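Biologist: Please take me through this protein chain, beginning with its overall form and ending with individual residues.

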Amino acid sequence: MQAEHCQVLIAGGGPTGMVLAYALALQGVEVRVLESTPRSLEDMRASTIHPPTLDMLKTLGLLDELQEIGLKAPVYQYHNRQTGASYSFDLHDIADLTEHPYRLQCEQFKLVRVIVERLKAMPNAHVEFGTMALHFEQDADGVTVNAETPMAIKTYRTDYLIGADGANSTVRKWLGTEFDGFTYPEFFLTLSTDYPIEAHLPWVAGVNYVADPPKWCVLLRVPELWRILVPVSGDESDEAVTSDARKDEVFRQLLGPDAPTITTKHRTVYRVHQRVAKTFRDKRVLLMGDAAHLNNPLGGFGMNSGIHDAWNLKDKLLPILLEGANPDPLLDRYERQRRKVTYDFVQAQTIANKKALEEGLASSSREAHFTKLSNDRDARRAYLLEQSMYASLKREAEIP
Ligand SMILES: O=C(O)CCc1cccc(O)c1
């Protein structure tokens, strides 16, 4: 039987893979997405869409629908639980530089579902759930991909294979590229609740980084829920970390010793890595998103940087596929640009964000830094451009 052919086959149907699929499909490219899970799962992963990513989603015609289901969060703040000091940053301070001076809080599975519905209506796009890319072989003319479904092994033929298959990427493993970096010894616990936490915390904003040395937490509003992130010891069992006793301890840390008993909707514990693949490209096979790089979630850069990979890659693939442009210079530039930005910006910034919370705002240099940002408009705007990820895209465009 002849293998089914498409121009671009994307292994992995998370937000990164889906954004690339939709961006290419809108231009008439034949795309196929293989996603191993049986449907898009309602999980507690990334939930922040930064302003430049909103610009991209607007170009794709997705923004109005997302704004209906997401929550606008223009303000984020750093709060010191020990002194009560808060430092607020409002994205309206860069409103002259962006159409979207806010983070849109919208869980990644909702973005994925919106795109899947659009792709289903397009004759040149196919999304296959319950199908996992297992192995590939490339030659001068294309890539042959073998995938596993619950019933069979299927074979596909494609001009380009994109590994957007997450942290444990099978595509990356077959490429044999190193995944350099490190894994933090502690685990991260996330809880979510529909309890009105804001009633207890008069200082709270939509996004809150709370330092309480040696502890810290992040408190984030998403539609109908608060999400709380805390570090936990990597030596404890998952059962201990997700127990009621630990949950009550987290809320006591946040709300004080008289905290009521709060019920949670989700409890998830996960390992956190800072890693970057040594190469993002091997001829006709390219990596993006978590398959190419991992970082801690502080600042909400993971999903956004994956979507920025997708945006960059679609700009390289379209002239190749539609106009017959020479692939090598374009695809090598994708790797150069996105790897450099990943190291210099996403890795550096997320490592710094975690350190800042661990050290606490009470550290004199941190306090002085936030005071300067509060009083100096230019410094504050530069900081907001970094944290909103516009600075990383500006840097990317400068890389030849
Ligand atoms: O910094 C951010 O925007 C996200 C931090 C966060 C908060 C709650 C849960 C989670 O997984 C990450």
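Modeller: The exchange below concerns a predicted model and proceeds from the whole chain to selected contacts.

Biologist: How many helices and strands does the protein chain have, and how does its radius of gyration stand against the globule rule?

Modeller: The secondary structure comprises 12 helices and 19 strands. For 400 residues the globule rule gives 21 Å, and the chain is as compact as a globular protein of that length because its radius of gyration is close to that value, at 22 Å.

Biologist: What share of the residues is buried, and what share of the contacts with a separation of 6 or more joins residues 24 or more positions apart?

Modeller: Taken along the principal axes, the C-alpha atoms fill a box of roughly 70 × 45 × 40 Å. Of the 400 residues, 55% are buried. Among contacts with a separation of 6 or more, the share from residues 24 or more positions apart is 74%.

Biologist: Which residues does the UniProt domain annotation cover?

Modeller: The record is an unreviewed entry, and its annotation reads "domain: FAD-binding". The annotated span is 31% helix and 34% strand, with its end C-alpha atoms 34 Å apart. According to the UniProt entry, the domain covers residues 6–347.

Biologist: Which strands stand at the edges of the open sheet of 3 strands?

Modeller: The order in this sheet is S3-S7-S4, and the pairing is antiparallel. S4 is joined to S7 (residues 103–105) by 3 bridges, and Leu71 has Gln105 as its bridge partner in S7. One side of each edge strand is left without a neighbour in the sheet because each has a single partner strand; these are S3 (48–49) and S4 (71–73).

Biologist: Which strand pairs with S5 in the antiparallel sense, and which in the parallel sense?

Modeller: S5 and S6 form a hairpin with 5 residues between them, and Gly84 in the turn has a positive phi of about 85°. These two strands run antiparallel and are joined by 5 bridges, with Tyr76 facing its bridge partner Phe89 in S6. S5 also pairs over 5 bridges with S13 (residues 207–212), in the parallel sense, where Asn80 has Ala211 as its bridge partner. The antiparallel partner is therefore S6, and the parallel partner is S13.

Biologist: What kind of aromatic pair do Tyr78 and Phe89 form?

Modeller: The chain holds 12 aromatic pairs. For Tyr78 and Phe89, the centres are 5.9 Å apart and the planes stand at 80°. Tyr78 lies in S5 (residues 75–80) and Phe89 in S6 (residues 86–90), so the pair ties together parts that are 11 residues apart in sequence. Both residues are buried, and their pair is edge-to-face.

Biologist: Why does the pair of Tyr87 and Phe370 count as stacked, and how many residues apart in sequence are the parts it ties together?

Modeller: The ring centres are 5.5 Å apart and the planes meet at 25°, so the pair is stacked, the cut-off being under 30 degrees. Tyr87 counts as buried at 11% relative accessibility, and Phe370 is buried with a relative accessible area of 3%. Because Tyr87 belongs to S6 and Phe370 to helix H10 (residues 364–375), the parts tied together are separated in sequence by 283 residues.

Biologist: Which residues form the aromatic cluster?

Modeller: S5 is mostly covered, with 5 of its 6 residues buried. The one cluster consists of Tyr76, Tyr78, Tyr87, Phe89, Tyr209, Phe370 and Tyr383.

Biologist: Which strands pair with S16?

Modeller: S16 (residues 266–277) runs antiparallel to S12 (residues 179–193), and 11 bridges join them; Phe182 stands opposite Gln274. S16 also pairs in the antiparallel sense with S19 (residues 293–294) over 2 bridges, where Val276 has His293 as its bridge partner. The partners are S12 and S19.

Biologist: Is Val346 buried or exposed, and which residues does it touch?

Modeller: Val346 lies in helix H9 (residues 327–359). It counts as buried because its relative accessibility is 1%, under the 20% cut-off. Its C-alpha atom is separated by 9.4 Å from that of Gly299, 47 residues apart along the chain. Not counting residues up to four places away in sequence, Val346 touches Asn295, Phe301, Ser305, Val341 and Met389.

Key
Residues are numbered from 1 along each chain as its sequence is written. This is a predicted model: local features need pLDDT of at least 70, side-chain atom pairs count only at pLDDT 80 or more; totals for chains, interfaces and linings use all residues. Side-chain values use heavy atoms; hydrogens and water are left out. Two strands pair if DSSP finds at least two bridges between them. Helices (H or I, at least four residues) and strands (E, at least two) are DSSP runs, numbered from the N terminus. UniProt positions are given in the numbering used here, feature names are shortened, and annotations may be inferred rather than shown by experiment. The radius of gyration is taken over C-alpha atoms; the globule rule is 2.2 Å times the number of residues to the power 0.38. Buried means under 20% relative accessible area, exposed over 50%, partly exposed in between (1.4 Å probe, protein chains only). Contact means heavy atoms within 4.5 Å. Rings of Phe, Tyr and Trp (its six-membered ring) pair if their centres lie within 6.5 Å; planes under 30 degrees apart count as stacked, over 60 as edge-to-face and the rest as tilted.
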